[in-house]
Amino acid sequence: MQASLVDIDFEEPPFSLLGERLRQRLAEGVDLHYFEALAQPLVPGAVGESVYIIHKGEVAELAADSALPDAAKLDKAQREGLDAWVSLRIGHYTAGDLFGALTLLNGHCRTRFVCEQETLCYQLPAQLFFSLCDECPAFGEYFQHSLSDKARLLAAQRDTRQGASRDQAGFMLARVMDCMRPPLKLAASASIEQGVKAMQAAGADSLIITVEGRQGVVTRTDLLNALVIQGLAPSHPLASLGSFALVAVTAEEYLLQALVQMTRHRVARVVVKERLLPAAAVVGVIELTDVLGFFSNRSQLVSLEIERASDMAALEQASARLPEMVRALAMQGVHMRHAMGLLSALNGRLIERTFAMLVEEEHRASSCLMLMGSEGRGEQILKTDQDNGLIIADGHQWPDNEDTLQHFSDALAGLGYPPCPGNIMVSNPEWVATESRWRGKIARWCAGRDGEALMNLAIVFDARASGGNEALVDSLRGHLVRHATRDELLLSHFARPALHFSTPLTLFGSLRSPRHGIDIKKGGIFPIVHGVRTMALERGVMATGTFARLEALVSDGRIEASDSADLAEALSLFADLRLRQQLRHLDEAEHGTGGTRDSRNDGQDTTAAAREAGSRNLIITQSLSSLERDLLRDALSRVKDFKQRLSHRYHLEY
């Protein structure tokens, strides 16, 4: 067949792994082959002779012993619309997909392939297939890739498709090492005068000192305050001026992570260490001005706008730019974990600034705002419902707090954070209490073990501080852990919701593909988040984010590193697919457009399905690429395995 007549998407893996010469050989070496509905291109035990690339039509992969309907008793319409075995599919292949490669690699076919309708395929001979595998090992290895490997392929594929716009935005993937400056180090016994001269000579805004084995930072502002406000002599030593609570990153981390840390800890610089250990050497310094020099256009200045805002109107203006930033991060291929971290830090800072503007200092010093839900875990992308509570220090008097906190909730709504449907907000007095009352609530919830009590425990365990006395939240969560860690019955009840929703896979492991989409939060995200949350509670892990909890559980020996990596990759994939679906829906809403026609859906109009996908958690599997569907299927199988392990560990089968 002439290469010019072959309609194969060479930008899709595994074909994208082939060089131009091998793509040309493939195109010249395939033939078109027609299969009637119910034809079986491959049957159990057969020795493969070809790999098939579907041009048009649909093929089901079934278990070897699957019973098939009698083709002689079906008319043409029935054969072409056949869905009698949908629930028995192991795999489902449509235009652009290939099948038969594993048959060649394994030596024989272990399953049955059946055409669900009239199907036209490109037939790639076995000899040519093996030749391509020999000349391009990555092509052959693709068929046995792990979930992480395929996720990297998907990222690379998206990078290629972004083209020039991706290259122009390469700074989004800059590493700390690309931006850090060498540290200026002086002896702690050096004088203020010597420090000023050293900074001036080096063009630096800070220097590093070491006092009794502890490394600290002295800034230009520290020196100015020492001389002008404290009235210290220029000969005064630097040792007493250092700040030793250093915020650190490593040189290999994304520069975005440095910005996340600065935003979250409200500092203008972070130090760069060889390793994130207290005694590790400082090898560099990153200043906020350095980071903003990289993120110097469009939405990357949101962080600076939030910090400079002097009133609610300015905060609203900064908040309105967050969706633009979300789109930029998605378009530029930033890994979902890093995007979550940055956006969560910015959302948290917006809320914290709002709290500071509306609540008087005397009350902030004796209370703490808790952020909960996805915001508490640092896994928020687009703005979600308000989930917050307030702890008031025992003995502190705040008689008019209800009016103030209602005003705060209204202000958050104005920033784009809608009220929580479950009323889990500080405007609800049930979520505002003193330390003692909160401890009493936790004790009652642990003893009650009903659905609402368990949900409330999960909510508080995910809480993180955002404004006020952060020690209050740490103390409350520690109280919860002490109540729950050794209570096996409570942990069993607590874990059970992870199994409430079925995994959207068929009995034989293929994707369920309802036209309205699959709920990825119920089927994929929630089981991972809540299962990991349960394990963290059992082991007393105080991290709030799912990724950080997984890392802590690996260090604790509670979970294998490979399983942790798979769950983290699966969670990132689910979040990425959900975000892209949400952004498409937002674009359609903004531009007044409906759905599109999808070639993978055989030309059928998917407008109705796309509209139903307005629900933030629905993924239309028919709109995904072949690789995305493959990844989704693999990721959901990891979820299914994880749920089985949870069931065994917490005795949920009884």
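Of the contacts in this predicted model (heavy atoms within 4.5 Å) that have a separation of 6 or more, 74% join residues 24 or more positions apart. The model is predicted, so local features need pLDDT of at least 70 and side-chain atom pairs count only at pLDDT 80 or more, whereas totals for chains, interfaces and linings use all residues. Residues are numbered from 1 along each chain as its sequence is written, and side-chain values use heavy atoms, with hydrogens and water left out.

Colour the whole protein by secondary structure to begin: there are 27 helices and 18 strands, taken as DSSP runs (H or I of at least four residues for helices, E of at least two for strands) and numbered from the N terminus. Of the 654 residues, 52% are buried, where buried means under 20% relative accessible area, exposed over 50%, and partly exposed in between (1.4 Å probe, protein chains only).

Next, select Ile286 and Phe574, which touch the most other members of the largest nonpolar core, a set of 152 residues. A core here is a set of buried Ala, Val, Leu, Ile, Met, Phe, Trp, Tyr and Cys residues joined through side-chain atoms within 4.5 Å. Around Phe574, leaving aside residues up to four places away in sequence, show Ile520, Gly524, Ile525, Ile528, Leu632, Ala635, Leu636 and Val639, each of which Phe574 touches. A second core, separate from this one and made of 14 residues, includes Leu184, Ile209, Leu223 and Ala226.

Move on to helix 21 (residues 471-484), where the 14 residues should span 20 Å at 1.5 Å a residue, and the end C-alpha atoms are indeed 20 Å apart; the expected span is 1.5 Å times one less than the number of residues. Among the buried residues of helix 21 are Leu472, Arg477, His479 and Ala484.

Salt bridges are the next stop, each being a side-chain nitrogen of Lys or Arg within 4 Å of a carboxyl oxygen of Asp or Glu, and a search of the whole structure finds 24 of them. Select Asp97 and Arg629, whose closest N and O atoms are 3.2 Å apart. Asp97 lies in the loop between strand 4 (89-93) and strand 5 (98-99) and Arg629 in helix 27 (residues 626-649), so this salt bridge ties together parts that are 532 residues apart in sequence. Asp97 is buried at a relative accessible area of 3%, and Arg629 is buried at 10%. For a pair within one helix, go to helix 16 (residues 361-364), where Arg364 and Glu361 lie three residues apart, about one turn of the helix, with their closest N and O atoms 2.6 Å apart. To see a network of salt bridges, select Arg377, Glu379, Asp462, Arg533 and Arg549 together.

Which residue that is not a glycine has a positive phi of about 50°? Select Glu212, in the loop between strand 8 (206-211) and strand 9 (214-219), where Glu212 is exposed with a relative accessible area of 81%. Asn423, in the loop between helix 18 (401-414) and strand 15 (432-434), also has a positive phi, near 60°, and is partly exposed at 33% relative accessibility.

Finish at the surface by selecting Val196, Leu224, Leu227, Val228 and Ile229, which form a nonpolar patch with about 460 Å² of accessible area together. Helix 9 (residues 220-228) gives the most to this patch, with three residues, and Leu227, which is in helix 9, is partly exposed with a relative accessible area of 33%. Patches consist of residues with over 30% relative accessible area and no salt bridge, like charges being joined within 9 Å and nonpolar side chains (Val, Leu, Ile, Met, Phe, Trp, Tyr) within 5 Å; accessible areas come from the Shrake-Rupley method with a 1.4 Å probe, and for residues only the protein chains shown count as cover.
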